[in-house]
Amino acid sequence: MAVVPPGIVEVPVGLVAIVPSGTVVPAGVVAAIPLTPGLTGEVSTGIAPASTQAMNSFLRLVLNPYAGGPFAGDRFAPAPADHPEGPNVVRALGYAPQSQTGTFFDPYTRARSAGFEPSRWGIWAAAYGDQSRTRGNFSDGSHGRSLSTASFATGLDYRLTPDTVIGFALAGGGTSYGLSDGLGSGGSEMFQAAAYSFTRFDAAYVSAGMAYAGHWGSTDRQLSLTGADRLSATFFASNFGGRIESGYRFAGPSVLGAPEYGFTPYAALQGQAFSRPSYAEMGGLGQSPFALAYSAQTTTTARTELGAWVDHTIALKDATLVLRARAAWAHDYFDNRGTVTTAFRSLPDSIFTVAGAVPVKDSALLSAGAWLRFANNVSIGAKFDGEFASRSQTYAGTATLRYTW
C-alpha cells in the first residue's frame, strides 16, 4: 500500500485521477499507473455512441418515406402512364392513368381522382445494419473506435385518412464495438419500439415519431499486470429518441419518353437521451485492484439533417420500379465530448475522467436504393447509405419487404 501526497496524480494521456490528501492507494495501482494505457477503462466510452448509431438507423427507417421502411413502397412513387396490362393492373398497383388525372405527383391522389381507394393496412419487415470507424486523437490520448449494429424490424400501419397514416414498429438486434490496440470491446443485445405518423399535404409531407431502446450491455478488457486478468461488466441502459421530418416533392416532366422523376428537398430534427446506470467491473481472477466503478451518466444528442432525394420511376409489365438517391448534410450536437467518469474500486475516493474518440459534428450523407412494387401489392426494396466525415465513416444497408391490403 502507499499514501500519495495531496493534489492530482497524472495517469496515461486522457485520464486524470483526483486523489484526496492522505488517501491510501494499493501499491500495485501506483506502480501500474504510468505504464498501462489499458488501465483507464476507455472501452466504456463506446457504449453511448453504439446506442446512438443504432437509434439513428431505426428512426430513419420508420420516418423517412424513402428510407426503405413503412412508407417506401407505395406513398411517393410517381404514377406511370397508361399501363399496357389494362385498368385492373393499374388499380392493383394503386395508380390511375396520367391521361385521366393530369400531372398530380402522388399515386393516391391520382387513384382517388379516378375513383380508386388506396389500401388501408400495411405490414412490413426490414433487416438493416451498419458499421463505422472513428479515429482517435493523439492530443487527448483517445484511441480509434469501431462500431457495428444489426437489427431486424417489423411494423404495422393503418391509413386513418387518404393522407394520414399511423403505425408502430418493433425491432431486435445487437451492437458491438472495440478499441484499437486491443484496449477492450463491448456490445449489447437490444430491443427497440417506435410509434410513428405520416401526413401528406398535396406535394408536401410531415412525419414524426418517438422510439425507445433497451440495451443489455457488457464490456470486456484484459490486463497482463496480474497474470492476464480479465475485467468485465454488465448493465442495462435505456435510450429515448424522437424525430420529425418534412419535405416537398417537385415532379419533373417526362423527357424524350422517359418516365418522370422527382426531386424532394427535406429537413429533419432528431434527438436522443441515452441513460446508463452506475456499474462496476469484476475480475476474472477474483477481486482485482484494477477493477473500475463507473458513475451513472445520461448522454443527450441532437441531429439536424438538410438534403434532398431524387427518384426515377420505370413502369414494367406487371410492376413499378423506383430508383432513389440522396445527398444531405447532418450536424450533430453532444452534451459531452465522449467522456465518462470512473474510479478504482479499491480506491473509491478517486475520480477518473476517461476520454474516448470525440464524435464528429458534421457529416455528408449519401444514399442509393431501388424499390419494386408488384401488382399483388407486395413490395421489395434495398438501400445503401454512407456517412462521411473527416475522422469517421459509416456504411449501412437495408432490405425491406412490404404488403398492403
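In which strand does phenylalanine 236 lie? Phenylalanine 236 lies in strand 10, and the account below returns to this residue after an overview of the chain. The structure is a predicted model, in which local features need pLDDT of at least 70 and side-chain atom pairs count only at pLDDT 80 or more, while totals for chains, interfaces and linings use all residues. Residues are numbered from 1 along each chain as its sequence is written, and side-chain values use heavy atoms, with hydrogens and water left out.

The protein chain holds five helices and 22 strands, taken as DSSP runs (helices: H or I, at least four residues; strands: E, at least two) and numbered from the N terminus. Of its 405 residues, 53% are buried; here buried means under 20% relative accessible area, exposed means over 50%, and partly exposed lies in between (1.4 Å probe, protein chains only). Contacts (heavy atoms within 4.5 Å) with a separation of 6 or more come to 67% from residues 24 or more positions apart. The chain exposes about 16,600 Å², with carbon and sulfur atoms supplying 64% of it; accessible areas come from the Shrake-Rupley method with a 1.4 Å probe, and for residues only the protein chains shown count as cover.

Turning to the interior, the largest nonpolar core has 27 residues, a core being a set of buried Ala, Val, Leu, Ile, Met, Phe, Trp, Tyr and Cys residues joined through side-chain atoms within 4.5 Å. Among those with the most contacts inside this core are Phe58, Val62, Trp124 and Tyr196. Elements giving two or more residues to the core include helix 2 (47–63), strand 5 (121–134) and strand 8 (185–201), and helix 2 provides the largest share, six residues. Valine 62 touches Pro70, Phe71, Trp124, Ala169, Ala194 and Tyr196, leaving out residues up to four places away in sequence. A second, separate core of 21 residues includes Val43, Ala50, Phe274 and Leu292.

Strand 10 (residues 229–248) also contains glutamate 245, which counts as buried because its relative accessibility is 1%. Its side chain makes polar contacts with the side chains of asparagine 64, at 2.6 Å, and tyrosine 205, at 2.7 Å. A polar contact is a pair of N or O atoms within 3.5 Å; within protein, one must be able to donate a hydrogen and the other to accept it, and residues adjacent in sequence count only if both atoms are side-chain atoms. Beyond its neighbours within four places in sequence, glutamate 245 is in contact with residues including Leu63, Pro65, Ser207 and Tyr266.

Phenylalanine 236, by contrast, is partly exposed, with a relative accessible area of 36%. Phe168, Leu170, Phe191, Trp216 and Phe236 form a nonpolar surface patch with about 500 Å² of accessible area together. Proline 277, in the loop between strand 12 and strand 13 (279–280), is in contact with Phe235, Phe236, Ala237, Ser295 and Ala296, leaving aside neighbours within four places in sequence. Proline 277 is partly exposed, at 30% relative accessible area, and its C-alpha is 8.4 Å from that of threonine 298, 21 residues apart in sequence.

Finally, two loop residues deserve a look for their backbone angles. Aspartate 181, in the loop between strand 7 and strand 8, has a positive phi near 65° without being a glycine, and counts as exposed at 64% relative accessibility. Asparagine 377 has a positive phi of about 70°, although it is not a glycine; this residue lies in the loop between strand 20 (362–374) and strand 21 (378–388) and is buried, with a relative accessible area of 16%.

Notes: Patches are made of residues with over 30% relative accessible area and no salt bridge: like charges are joined within 9 Å, nonpolar side chains (Val, Leu, Ile, Met, Phe, Trp, Tyr) within 5 Å. A salt bridge is a side-chain nitrogen of Lys or Arg within 4 Å of a carboxyl oxygen of Asp or Glu.
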